[in-house]
Amino acid sequence: RRMNNGAWQRMWFWFQREVGGRWIAGAAGPLLQVHGLEWVSTTSRERPLLLVANHRTYFDLYVVMSVLFRRLPGWRAINFPVRGRYFYQSVGGLILNWLMSWWAMYPPFFHQPKKRRFDQWALGELVALCREGRGQLVGFHPEGTRNRNPDPYSLLPVQPGIGRLIWDARPQVVPVFVAGLKNNIAEILSRRIRGGEPIRVWFGPPIDYSAFLERPAAAGTYRELADHVFGEIRKLAELDRASRAVPRPEIAHLRP
């Protein structure tokens with residue numbers, strides 16, 4: 001928590017933006033194709049922005065953040081909630097949290113009975129990050145875990161936690177779909193040099209969820225709100241599928 005507040009947070013954000021963002025951009029290079037960035041540019045920097053994305057690799061949200069750092073101004077902090085058992089309870093995970101994200105993998109969730117009280121605290125901390133903070137970016141995977149299906153357009157069932165988070169915090173929410181990314185950095189660098197499948201990042205319009213805020217804070221509300229949000233990610237997946245099958249001008253009518 002100390003690393004994500006005050007002077008420590010400002011220092012680590014510099015590394016996230018100037019070091020992490022640059023090496024990710026350099027690794028992707030000409031492979032990177034970005035669509036719908038104008039939707040993010042319409043959001044306010046005065047309120048937190050929650051990015052909800054599909055989850056296929058360890059690098060999904062890092063690529064997304066590197067795009068925003070390089071192309072849009074005004075960001076001051078980033079956070080990615082993670083499963084804490086690896087990134088906070090193993091030497092390798094702590095090193096990755098430090099060198100890959102500069103402590104942005106926060107807050108951790110353990111999903112163990114004996115750590116239930118800690119997870120409740122972590123949820124409150126995440127809600128606070130999504131509720132207030134100028135230039136605050138939070139990346140979240142509604143699927144809850146990494147999808148290992150080789151079909152890039154398959155999606156795991158959405159978890160209701162994203163619905164509760166949005167209902168409690170009321171942030172700006174933008175959907176994201178990422179495709180063409182692999183966990184193997186050497187393979188990505190090889191494609192960068194020799195050519196190959198591009199890495200595609202699709203941003204959708206800010207999600208209007210106001211109708212759900214008139215409903216009670218209940219499990220059914222959270223579930224339906226989660227489904228509503230995840231439906232916007234599915235739309236972006238279909239846009240990418242169409243873009244790979246027909247020329248770009250012919251799918252203009254599919255834009256969200």
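These are my notebook entries on what I looked up in this structure.

**Entry 1: the model**

I noted at the start that this is a predicted model. I treat every value below as computed from that predicted model.

**Entry 2: helix α7**

I began with helix α7, which covers residues 161-169. Which of its residues are buried? I found Ile162, Gly163, Leu165, Ile166, Trp167 and Ala169.

Next I looked up what covers them. Two helices on the list are α6 (116-131) and α10 (219-243). Helix α9 (210-213) is also included. Strands take part too: β2 (49-53), β6 (136-140) and β7 (172-179) are among the covering elements.

I then checked what comes after the helix. Arg170 follows α7. Its phi is positive, near 60°.

**Entry 3: Thr221**

I moved to α10, one of the elements that cover α7. Thr221 lies in this helix. Is Thr221 buried or exposed? I put it down as buried, because its relative accessibility is 3% and the cut-off for buried is under 20%.

I looked up its contacts, leaving aside neighbours within four places in sequence. Thr221 touches Trp167, Phe212, Arg215 and Pro216. I had already met Trp167 as one of the buried residues of α7.

**Entry 4: the largest pocket**

I turned to open space. The largest pocket holds about 1100 Å³. Its lining counts 35 residues, and those closest to the centre are Pro81, Val82, Arg83, His111 and Gly144.

Which element gives the most to this lining? It is α7, with 4 residues. I also listed the elements that supply at least two residues each. Besides α7, they are α3 (60-71), β4 (82-83), α4 (84-87), α6 and β6. I note that α6 and β6 also appear among the elements covering the buried residues of α7.

**Entry 5: the cavities**

I looked for closed space as well. How many cavities of 30 Å³ or more are there? The count is 2. The largest cavity holds about 120 Å³.

I wrote down its lining by name. From the lower residue numbers come Trp23, Ile24, Ala27, Ala28, Phe59, Tyr62 and Val63. Leu181, Ile185, Ile188, Leu189 and Ile199 complete the lining. The elements that give two or more residues to it are α1, α3 and α8. Helix α1 has the largest share, 4 residues.

**Entry 6: the nonpolar patch**

I went on to the surface. A nonpolar patch of about 420 Å² is made by Trp14, Val19, Trp23, Ile185 and Leu189. Helices α1 (6-28) and α8 (185-194) each give two or more residues to the patch. The largest share, 3 residues, comes from α1.

I stopped at Trp23, which is found in α1. This residue is in the patch and also lines the largest cavity. Why does Trp23 count as partly exposed? Its relative accessibility is 35%, so it falls between the 20% and 50% cut-offs. Ile185 and Leu189 also belong to the patch, and both line the largest cavity.

**Entry 7: salt bridges**

I finished with charged pairs. The structure holds 11 salt bridges. I looked at three of them.

Glu197 and Arg200 meet in one, at 2.7 Å from N to O. I compared how open the two partners are. Glu197 is partly exposed, with a relative accessible area of 30%. Arg200 is buried, at 2%.

I also found that Arg17, Glu18 and Arg22 are joined into one network by salt bridges that share partners. Glu18 pairs with Arg17, and their closest N and O atoms are 2.8 Å apart. Glu18 also pairs with Arg22, at 2.9 Å from N to O. Where do Arg22 and Glu18 sit? Both lie in helix α1, 4 residues apart, about one turn of the helix.

I checked the exposure of this trio. Glu18 is partly exposed at 21% relative accessibility. Arg17 is partly exposed too, at 32%. Arg22 counts as exposed, because its relative accessibility is 56% and the cut-off for exposed is over 50%.

**Entry 8: looking back**

Two helices kept returning in my notes. Helix α7 gives the most to the lining of the largest pocket. Helix α1 has the largest share of the cavity lining and of the nonpolar patch.

Key:
Residues are numbered from 1 along each chain as its sequence is written. This is a predicted model: local features need pLDDT of at least 70, side-chain atom pairs count only at pLDDT 80 or more; totals for chains, interfaces and linings use all residues. Side-chain values use heavy atoms; hydrogens and water are left out. Buried means under 20% relative accessible area, exposed over 50%, partly exposed in between (1.4 Å probe, protein chains only). Contact means heavy atoms within 4.5 Å. Patches are made of residues with over 30% relative accessible area and no salt bridge: like charges are joined within 9 Å, nonpolar side chains (Val, Leu, Ile, Met, Phe, Trp, Tyr) within 5 Å. Accessible areas come from the Shrake-Rupley method with a 1.4 Å probe; for residues, only the protein chains shown count as cover. A salt bridge is a side-chain nitrogen of Lys or Arg within 4 Å of a carboxyl oxygen of Asp or Glu. On a 1 Å grid over the protein atoms alone, a cavity is a set of points where a 1.4 Å probe fits but cannot get out, and a pocket is an open set with protein on both sides within 12 Å along at least five of seven lines; lining residues have an atom within 4 Å of a point. Grid points are joined across faces, edges and corners, and a volume is the space filled by probe spheres set on the points.
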